[in-house]
Amino acid sequence: MKLMTSVHEKELQAIFGESRVLLEESDRLSYSFDASFGTYMPDAVVQPRSTEEVAKVMQLANREGIPVYPRGQSTSLSGGPLPVHGGIVLDCSQWNDTLEIYPEDMVAVVSPGVLTSKIDEAAAKLGLMYPPDPSSSHVSTIGGNLAENSGGPRGLKYGVTKDYCIGLEIVTPEGHVMRTGGRTIKNVTGYDLTKLIIGSEGTLCVITEATLKLVPRPKAYRTAMIIFDDLVTSGQAITKVLTSGILPSKLELMDQACILAVEDYKPLGLPVTAEAIVLIELDGHPKAIEEEIEKVAFICREAGAHSVNVAGSSEEAAKLWQARKLVSPAIVRKKPTKVSEDATVPRSKIPEMFQRLKEIRDRFHVDLVVFGHAGDGNLHPNIICDKRDLEEMDRVEQAVEEIFKAAIELGGTLSGEHGIGTMKAPFMEMEVGPIGLDMMKRMKNAWDPNQIMNPGKIFPEPGKKLVLRDE
């Protein structure tokens with residue numbers, strides 16, 4: 001990788017103007033980290049607002065061999081946008097001028113810097129919905145969601161970001177502009193490049209525009225909170241609900257540590273003696289979901305639930321979901337560092353994964369809490385710790401590796417929605433094998449022969465391991 005020079009800086013200023021090229025150390029430091037671990041200083045930060053500007057900076061970077069790192073709002077939990085080899089950060093967060101809804105085609109066309117929640121808000125005015133709803137949707141950009149293939153609670157019923165993106169405009173590493181897909185729901189012309197790019201974490205190209213599929217907005221919702229005295233039993237109940245013919249729009253779990261943390265943070269009247277609570281939301285036709293919510297309650301009681309509380313109003317439902325949203329801020333009050341993982345297992349293995357997580361917690365003596373999208377097996381085992389305590393962080397790193405091993409051994413995956421980035425790259429071969437990793441590298445080399453697109457992500461680098469400590 002080549003270093004930036006004053007000549008390169010002048011070229012960038014000619015493209016963007018001085019105000020959108022950030023070279024001061026204080027500015028660059030603001031782009032040296034994300035919501036994960038590690039700090040890496042870029043040489044320059046640019047803020048594009050047009051496809052033409054992106055094409056020009058990519059032509060410069062490709063010619064000179066300078067790394068480029070596309071970046072949204074830096075909410076990544078896997079290190080996706082970190083400038084690990086220096087170079088240019090491409091900050092797309094200010095590029096939010098296009099958000100157009102086409103109700104007859106049921107699509108939205110958006111710029112990469114548009115906040116994800118804004119898309120659903122715009123669709124709702126026309127009776128439509130953009131289903132992907134990551135927890136960070138009010139601050140994360142659609143460009144970042146596309147790069148990481150983000151999910152969210154509604155992923156259980158509706159799927160994730162890749163299921164709704166049907167077309168892209170991109171800039172290749174050489175600076176060429178091209179389109180993939182289009183506005184049609186059916187499109188089987190050649191390789192599906194759209195799906196290849198989504199989830200590629202900025203390692204293949206820069207996304208400059210997206211065409212997103214929308215769906216009709218449900219007419220009604222019902223929510224229930226199911227209380228369990230045993231975490232494994234809650235997993236068994238989840239499996240029985242999902243095999244009953246009912247498909248909830250959301251199915252979220254909180255273990256006892258989460259319940260206690262939320263009640264300490266903001267008392268909501270949660271059952272602190274419960275080992276787990278499960279929140280279920282159904283959506284659809286009012287009469288249909290009335291029948292389904294009763295069936296869910298019956299199934300959970302039969303499976304061993306302590307009690308079932310069905311919200312009687314939208315206000316009561318909102319209060320229940322508030323508890324789930326408060327988990328992340330609540331659990332970090334105990335210790336300042338939160339290691340957020342998203343290992344995912346097949347639905348049938350949810351009870352066994354719960355048991356494995358309890359064993360890992362006890363073996364490594366870590367503060368491990370479990371919450372997340374239990375309905376699709378996308379659990380969020382979080383470890384609360386203090387990265388200044390090196391002995392504790394050594395145990396945490398071992399525990400994280402064991403979580404990954406448990407997920408893979410149960411037929412699952414390293415990541416359900418956070419992506420690989422720098423955090424999980426050392427474990428890639430564990431899941432995909434040497435042949436799978438080699439095939440991915442071949443695709444990367446074909447798209448980006450000069451290796452300038454977001455280097456240091458997805459693919460393990462020699463000698464790299466998971467490090468969560470400040471050393």
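**A seven-strand sheet and a pocket**

I226 stands opposite V278 in β14. That pairing is a good place to enter this predicted model. I226 belongs to strand β12, residues 220-228, which runs antiparallel to β14 and is joined to it by 9 bridges. A second pair comes from the same two strands: A224 has I280 of β14 as its bridge partner.

Now turn to the other neighbour of β14. Strand β13, residues 250-255, pairs with β14 over 6 bridges, again in the antiparallel sense. Here E252 stands opposite L279 of β14.

How many of the 9 residues of β14 are buried? The count is 9 of 9 across residues 276-284, so the strand is largely enclosed by the rest of the structure. Buried here means under 20% relative accessible area. In a regular strand, side chains alternate between the two faces of the sheet. In β14, A276, V278, I280, L282 and G284 point one way. I277, L279, E281 and D283 point the other way. Both sets are buried, and the second includes the acidic residues E281 and D283.

Step back to the whole sheet. It is open and has 7 strands, in the order β15-β12-β14-β13-β17-β18-β16, with antiparallel pairing. β15 (307-310) and β16 (337-340) stand at the edges with a single partner strand each, so one side of each has no neighbour in the sheet. On average, neighbouring strands are turned by 20 degrees against each other, direction ignored.

Two helices lie across parts of this sheet. Helix α8, residues 231-242, lies across β12, β13 and β14. Its direction is at about 175 degrees to β13. Helix α14, residues 390-409, lies across β16, β17 (367-373) and β18 (378-385). Its direction is at about 170 degrees to β18.

Next comes the second largest pocket. It holds about 650 Å³ of space. Which residues lie closest to its centre? They are G199, S200, E201, I420 and M440, out of 28 that line the pocket. Two helices, α7 (193-197) and α15 (428-447), each supply at least two lining residues. The biggest share comes from α15, with 6 residues. By class, the lining is mixed: 11 nonpolar, 9 polar and 8 charged residues.

Technical notes:
Residues are numbered from 1 along each chain as its sequence is written. This is a predicted model: local features need pLDDT of at least 70, side-chain atom pairs count only at pLDDT 80 or more; totals for chains, interfaces and linings use all residues. Side-chain values use heavy atoms; hydrogens and water are left out. Buried means under 20% relative accessible area, exposed over 50%, partly exposed in between (1.4 Å probe, protein chains only). Helices (H or I, at least four residues) and strands (E, at least two) are DSSP runs, numbered from the N terminus. Two strands pair if DSSP finds at least two bridges between them. On a 1 Å grid over the protein atoms alone, a cavity is a set of points where a 1.4 Å probe fits but cannot get out, and a pocket is an open set with protein on both sides within 12 Å along at least five of seven lines; lining residues have an atom within 4 Å of a point. Grid points are joined across faces, edges and corners, and a volume is the space filled by probe spheres set on the points. Ala, Val, Leu, Ile, Met, Phe, Trp, Tyr, Cys and Pro count as nonpolar, Asp, Glu, Lys and Arg as charged, and the others, Gly among them, as polar. Axes are lines fitted to C-alpha atoms, for helices over the stretch in contact, and angles run from 0 to 180 degrees between N-to-C directions. Contact means heavy atoms within 4.5 Å.
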